[in-house]
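Reader: I would like to learn how to read a fold from the model in front of me. Could we go through some features one at a time?

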Amino acid sequence: MAGHSKWANIKRQKERVDAKKGKTFAQLSRAIIVAAKHGIADPAGNFQLRTAIEKAKAAGIPNENIERAIAKGAGTYENDDTIYGEIRYEGYGVGGVAILIEAFTDNRNRTAADLRSAFTKNGGNLGETGCVGWMFEQKGVVRVEGAIDENALLEASMEGEADSYELYDDVGEQGAEIFTDMTNLDRLSQTLNEQHFNVTEAELRWIPNNLIEIEDNEQAKSIIKLIEALESLDDVQNVTANFEMADELMLLSLGS
């Protein structure tokens, strides 16, 4: 599968910038709701939920808000009749870059209108369902951080029935991302934990099958601004795109 390390590098660099800006309470709370909805409501047995809770606590979300979000995801919160639904949107950025957006919303009309506005203002187009989805493959991804013994990682990956892995070492950060079938994500995460790897995240991610190289500075800025505009919307949980660019161009665009 093409696009593992490049998109991972883009994502990590954006996460560092996003961490400085601070994510909204609504987005972090909805991440908890989604995690609780798709697994058990106990973070001890739901790694995705545990990760979402840790991010929420780091952002200063009160425990009562976190507990309320877990209850909403589990369907046990009695004082709320809001019905949330998951939906995937697809579109294009400048240069034909394909973009997938995963949203969690109680009002699809509002979400679609907000997304269309973000695309239009940043040189892109919101497309029909299926227009770019075929360019991506959904996989389970486990991230481990710290110095990696590749022989030990290979052995653990084989035991956990992983498909592949990518090592990274950038901006003083070391680690690896290990890829597997969606249904095998929990098993792989548990195996890596048991082998004493520092597992920091386990998630489902859309992986681009082919990448578009962005070399023009203005195009790079436009694409990054579009992704940031999409990610700033409360209903949006994840954004994935099929582009790559040089690290220097990425950092310049993120800082603009």
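Author: Start with a helix that has two faces. In this predicted model, the exposed residues Asp 186 and Glu 194 sit on the face of α7 that is turned away from its buried side.

Reader: Which residues of helix α7 are buried?

Author: Helix α7 spans residues 185–194, and its buried residues are Leu 185, Leu 188, Ser 189, Thr 191 and Leu 192. They lie on the same side of α7 because they cover an arc of only 165 degrees around the axis.

Reader: What covers the buried residues of α7?

Author: The cover includes the helices α3 (47–58) and α6 (150–159), together with the strands β4, β6 and β7. Just after α7, His 196 takes a positive phi of about 70 degrees.

Reader: Several of those are strands. How do I read a sheet, and what is the strand order of the one with β4?

Author: Strands of a sheet pair through backbone hydrogen bonds, either parallel or antiparallel. Here the order is β5-β6-β4-β7, an open sheet of four strands with antiparallel pairing. One side of β5 (164–170) and one side of β7 are left without a neighbour in the sheet, because these two strands stand at the edges with a single partner strand each. Ignoring direction, neighbouring strands of this sheet are turned by 25 degrees against each other on average.

Reader: How many bridges does β4 form with strand β7, and how many with strand β6?

Author: With β7 (residues 199–208), β4 pairs in the antiparallel sense over nine bridges. With β6 (residues 173–180), β4 pairs over six bridges, also antiparallel. To find the register, look at individual partners. Val 144 has Val 199 in β7 as its bridge partner. On the β6 side, Gly 140 is partnered by Thr 180, and Glu 145 stands opposite Gly 175.

Reader: Is strand β4 mostly covered or mostly open?

Author: In a regular strand the side chains alternate between the two faces of the sheet. A count of buried residues therefore says something about both faces taken together. Strand β4 (residues 136–145) is mostly covered, with seven of its ten residues buried. As for helices on this sheet, α6 lies across β5 and β6 and runs at about 150 degrees to β5.

Reader: What is the strand order in the sheet that contains β1?

Author: That open sheet has four strands in the order β3-β1-β2-β9, with antiparallel pairing. The edge strands are β3 (125–126) and β9 (236–241); each has a single partner strand, so one side of each lacks a neighbour in the sheet. Strand β1 (residues 85–92) runs antiparallel to β3, and two bridges join them. Within β3, Asn 125 is the bridge partner of Tyr 92.

Reader: Which helices pack on that sheet?

Author: Helix α2 (residues 25–38) packs on the sheet and touches β1, β2 (98–105) and β9, with a direction at about 80 degrees to that of β2. Helix α8 (residues 217–231) packs on the sheet too, touching β1, β2 and β9, and its direction makes about 160 degrees with that of β9.

Reader: Now a loop residue. Is Val 97 buried or exposed?

Author: Val 97 lies in the loop between β1 and β2. Its relative accessibility is 0%, so Val 97 counts as buried. Leaving out residues up to four places away in sequence, Val 97 touches Gly 91, Tyr 92, Ile 212, Ile 214, Ile 223, Ala 241, Asn 242 and Phe 243. Asn 242 is 145 residues from Val 97 along the chain, yet their C-alpha atoms are separated by 6.0 Å.

Reader: What share of the contacts in the chain joins residues 24 or more positions apart?

Author: Among contacts with a separation of 6 or more, such pairs account for 72%. For the chain as a whole, there are nine helices and ten strands, and 45% of the 256 residues count as buried. The chain exposes about 12,700 Å², of which carbon and sulfur atoms supply 47%.

Reader: Where is the pLDDT below 50?

Author: Begin with the overall value: the mean pLDDT of the chain is 85, and 88% of its residues reach 70 or more. Over residues 1–5 the pLDDT is below 50, and this stretch has 14 contacts in the model beyond near neighbours in sequence.

Technical notes:
Residues numbered from 1 in each chain as written. Heavy atoms only, no water. Pairing = 2+ DSSP bridges. Contact = heavy atoms within 4.5 Å. Axes fitted to C-alpha atoms, helices over the stretch in contact; angles between N-to-C directions. Buried < 20%, exposed > 50% of the residue type's maximum accessible area, 1.4 Å probe, protein only. Arc of directions from axis to C-beta. pLDDT = per-residue confidence, 0-100. Areas by Shrake-Rupley, 256 points an atom, 1.4 Å probe, with all protein chains shown as cover.
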